[in-house]
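Please find below my notes on the model, set out as numbered points. They start from one hairpin and its charged side chains and then move to the rest of the chain.

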Amino acid sequence: MLALLQGLRGRLQPYGYLQKRGLHTELWLRTLGQHLEKLEADVGLLHSQSASSETHTLYQEATKLRKDVEKMSVFNTQNMRGVKEKLRYLKNRAESCRSIPKDFRGHHAQCGKGLITNISSPVVTKISPYGKSYISGSWGKDAQRNDSRTTDSYWVLALTTSNFWGNTLRLYPSYETFMASKDHHDRTFAASYTSKEAIEGPSAVLYGDAIYYHCYSSADVCRYDLNDKTVARVTLPGDGLGFKNKFTYCYYDCRPYTDVDLEADETGLWALYATLEGHGNLMVSRLAWDGQSLNITHTWETNVFKKAVSNAFMVCGVLYATRYGDDTREEVFYAFDTATGTDDNSLALPLEKLAKGVASLSYNPRDRQIYMYNDGYLLSYQAMF
């Protein structure tokens, strides 16, 4: 940890020409200073509650960065982009220190094996039960592990209105009934496609006795309880959070209404999105249901622009991002580890597909398969560690 943090102490270099060219302004400096003051206070509180050499070093580095920014407004001597990247790195490290329990990965054997090393060819290939014309949606298996509420249900949620919105979840009691397209049960979770409880965008996840999804025309995540038919919601953090096609998955072609992505893995539930405050980079927030309310427990900012990504999923607390290869192949090219706050952009894992567009991509920790809704085709793959 010390070796990583020592790299943050860059030498001050003269960049006096930056302000003249409009590359940073007093407003930017003031905003950056406010972020650093908050970070310094948060790390100071963390250190007072759970002192360690790591938290002490983080506090020293945050203080050093704040002083550097103060100097910038007077002497104009520090590279703005470099300081902003240091701030992002420190915030992620502080978030990991505050939020990640010591046994974050200890209960799951595959999570100690490192990043995914390979992805199989599709092990399941099926046309959506709604038909190929319904090109947007999501599907999978109940993702909750080792719980009395866990079922063997398979589900499909197709966006049946303009391929953008929906209000019906289709449930199958088993893999066999899913593959045979029989014995399904449809659950309507909103009064209409434009109800505030309707789903906007193709991403959803079935987790135990509830379905999680992006609430219609809002910055909120919804949780619909399949038993008592109630909806709980929580607003995602960050100024200028993107919805209504502000920060969709893109790469070459933008996928409409993919601003907010819901995921599940061995460690729980996640929301992936972007904000103006985060400059459009992918944000990762961890969700928690306490039995009464839906909460955000912590948030990280990655170093990858959301519109440069075609889709994403979570495995063992690690975000994996994909990009378009061609009409028959996606590629996993980027990973962000929430346990360490660090990035890896050296991946090149291929994902075969049957059609060009990828509406949603999700991982299931129970069978360690990756599920894709591929323009009306339902595909799944085995993840290998």
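**Notes on the predicted model**

1. Asp220 is buried, with a relative accessible area of 13%. I begin with this residue in what is a predicted model, and its partner is the next thing to look at. Asp220 forms a salt bridge with Arg233, in which the closest N and O atoms are 2.9 Å apart. Because Asp220 belongs to strand S10 and Arg233 to strand S11 (residues 231-235), the pair ties together parts that are 13 residues apart in sequence. Arg233, for its part, is partly exposed, at a relative accessible area of 31%.

2. The two strands that carry this pair deserve a description of their own. S10 and S11 run antiparallel and are joined by five bridges, and Tyr224 stands opposite Val231 in S11. The hairpin that they form has five residues between the strands, and in it Lys229 takes a positive phi near 60°.

3. Which residues make up the covered face of S11, and which the uncovered one? Ala232 and Val234 form the covered face, whereas Val231, Arg233 and Thr235 form the uncovered one. In a regular strand the side chains alternate between the two faces of the sheet.

4. At the end of S10 (residues 220-225) sits Asp225, a residue that is buried, with a relative accessible area of 8%. What does the side chain of Asp225 reach at 2.8 Å? That partner is the backbone nitrogen of Asn227, and the side chain of Asp225 also reaches the backbone nitrogen of Asp228, at 3.1 Å. If residues up to four places away in sequence are set aside, Asp225 touches Asp209, Ala210 and Thr230.

5. Two further salt bridges should be examined alongside that of the hairpin, the search of the whole structure having found 11. In one of them the side chains of Arg255 and Asp375 meet, with an N to O distance of 2.9 Å. Arg255 lies in the loop between S11 and strand S12 (261-265), and Asp375 in the loop between strand S22 (369-374) and strand S23 (377-384), so the pair ties together parts that are 120 residues apart in sequence. Both ends of this pair are buried, Arg255 at a relative accessible area of 11% and Asp375 at 18%.

6. The other salt bridge joins Glu330 to Lys353, whose closest N and O atoms are 2.5 Å apart. Because Glu330 is in strand S18 (residues 329-337) and Lys353 in the loop between strand S20 (349-352) and strand S21 (360-364), this pair ties together parts that are 23 residues apart in sequence. Glu330 counts as buried at 3% relative accessibility, and Lys353 likewise counts as buried, at 5%. Elsewhere, Asp209, Arg223 and Asp225 are joined into one network by salt bridges that share partners, and Asp225 is the buried residue already discussed in point 4.

7. Turning to the nonpolar interior, the largest core has 23 residues, and those with the most contacts inside it are Ile116, Ile119, Phe313, Tyr320, Val332 and Ile370. At least two residues of this core are supplied by each of strand S16 (311-315), strand S17 (318-326), S18, S20, S21, S22 and S23. Which strand gives the most to this core? S23 does, with four residues.

8. Val332 is a useful residue from which to inspect that core. Leaving aside neighbours within four places in sequence, Val332 is in contact with Ile119, Phe313, Tyr320, Ala321, Thr322, Leu347, Ala348, Leu349 and Leu351. There is also a second, separate core, of 19 residues, whose members include Val205, Tyr212, Ala219 and Met283.

9. Some totals for the chain complete the note. The protein chain contains six helices and 23 strands, and 54% of its 385 residues count as buried. Of the contacts between residues at least 6 apart in sequence, 58% join residues at least 24 apart. The accessible surface of the chain comes to about 16700 Å², and carbon and sulfur atoms account for 50% of that surface.

Conventions:
Residues numbered from 1 in each chain as written. Predicted model: local features only at pLDDT ≥ 70, side-chain atom pairs only at ≥ 80, totals over all residues. Heavy atoms only, no water. Buried < 20%, exposed > 50% of the residue type's maximum accessible area, 1.4 Å probe, protein only. Polar contact = N/O pair within 3.5 Å; in protein donor to acceptor, adjacent residues only side chain to side chain. Contact = heavy atoms within 4.5 Å. Areas by Shrake-Rupley, 256 points an atom, 1.4 Å probe, with all protein chains shown as cover. Salt bridge = Lys/Arg side-chain N within 4 Å of Asp/Glu carboxyl O. Core = buried A, V, L, I, M, F, W, Y, C linked by side-chain atoms within 4.5 Å. Pairing = 2+ DSSP bridges.
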